[in-house]
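Reader: Please take a single part of this structure and give a close account of its surroundings. I should like to follow the reasoning from one residue outwards to the elements around it.

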Amino acid sequence: MSRPEADLAAALAADTPIPRDADGPVFAEPWQAQAFALVVALQNKGVFTAQEWAEALGAEIREAVAAGGCKDGSDYYERWCEALEHLLIAKGLASHDGVDARAAAWERAAEATPHGKPIVLENDPEG
């Protein structure tokens, strides 16, 4: 990461209520770690820069804070996912309809999955 990108990332982290402990970010649920890793992987592959990511995440957090959310960090990873969706849509790598369809498929799969079993898209009764 270049110095300007590192400075921007540090400034964002300082003002962002990211759930963390002395060792760094903490994840309350496995999906949060997966979302974190997905962004890191996409950034490492050059899909977007650290600055683009910081700007996208910062915009989502500012919007959430203005609407009364994201003050204690409890919805931080929801903002993370929203930022990723919007960034991928802006880059033409996803569409609103595609994201909505995939979310609906996961919701149907979750409803069709017996308690205690992993949720997989193959459980989507419409899929």
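**A glutamine and the helices around it**

Author: Gln32 has a relative accessible area of 9%, and because buried means under 20%, this residue counts as buried. The model is a predicted one, and the account that follows should be read accordingly. Gln32 belongs to helix 2. Leaving aside residues up to four places away in sequence, Gln32 touches Phe27 and Tyr77. The second of these partners lies 45 residues away from Gln32 along the chain, yet the C-alpha atoms of Gln32 and Tyr77 are separated by 6.1 Å.

The pair leads directly to the packing of two helices. Helix 2 covers residues 30-44, and its axis comes within 10 Å of that of helix 4, with a crossing angle of roughly 35°. The crossing of these two helices is left-handed. On the side of helix 2, the contact is formed by Trp31, Gln32, Ala35, Phe36, Leu38, Val39 and Leu42, while helix 4 contributes Tyr77, Glu78, Trp80, Cys81, Leu84 and Leu88. By residue class, this contact of helix 2 with helix 4 comprises 11 nonpolar residues, one polar and one charged.

Helix 4, spanning residues 76-90, also meets helix 3: the two axes come within 9 Å and cross at roughly 125°. Helix 3 is therefore oblique to helix 4. Here the crossing is right-handed. Helix 3 supplies Glu52, Trp53, Ala56, Leu57, Glu60, Ile61 and Ala64 to the contact, and helix 4 supplies Tyr76, Arg79, Trp80, Glu82, Ala83, Leu84, His86 and Leu87. The contact of helix 3 with helix 4 divides into 10 nonpolar residues, one polar and four charged. Trp80 and Leu84 of helix 4 appear in this contact and also in the one with helix 2.

Helix 3 itself merits a brief description. It runs over residues 50-66, and at 1.5 Å a residue its 17 residues should span 24 Å; the C-alpha atoms at its ends are 24 Å apart, so the expected and modelled spans agree. Its buried residues are Ala50, Trp53, Ala54, Ala56, Leu57, Gly58, Glu60, Ile61 and Ala64. Trp53, Ala56, Leu57, Glu60, Ile61 and Ala64 are thus buried and take part in the contact with helix 4. Just after the helix, Gly68 adopts a positive phi of about 95°.

These helices can now be placed within the whole. The protein chain contains five helices and two strands, arranged along the sequence in the pattern α-β-β-α-α-α-α. Of its 127 residues, 29% are buried. Among contacts between residues at least 6 apart in sequence, 50% join residues at least 24 apart. The contact of Gln32 with Tyr77 bridges 45 residues along the chain.

A residue from another helix offers a point of reference. Ala110 lies in helix 5, residues 96-112. With a relative accessible area of 34%, Ala110 is partly exposed, whereas Gln32 is buried. The C-alpha atoms of Ala110 and Asp124, which are 14 residues apart along the chain, are separated by 7.7 Å.

Methods
Residues are numbered from 1 along each chain as its sequence is written. This is a predicted model: local features need pLDDT of at least 70, side-chain atom pairs count only at pLDDT 80 or more; totals for chains, interfaces and linings use all residues. Side-chain values use heavy atoms; hydrogens and water are left out. Helices (H or I, at least four residues) and strands (E, at least two) are DSSP runs, numbered from the N terminus. The expected span of a helix is 1.5 Å times one less than its number of residues. Buried means under 20% relative accessible area, exposed over 50%, partly exposed in between (1.4 Å probe, protein chains only). Axes are lines fitted to C-alpha atoms, for helices over the stretch in contact, and angles run from 0 to 180 degrees between N-to-C directions. Angles under 35 degrees count as roughly parallel, over 145 as roughly antiparallel, 65 to 115 as roughly perpendicular and the rest as oblique. A crossing is left-handed if the near helix is turned anticlockwise from the far one by less than a right angle, and right-handed if clockwise. Contact means heavy atoms within 4.5 Å. Ala, Val, Leu, Ile, Met, Phe, Trp, Tyr, Cys and Pro count as nonpolar, Asp, Glu, Lys and Arg as charged, and the others, Gly among them, as polar.
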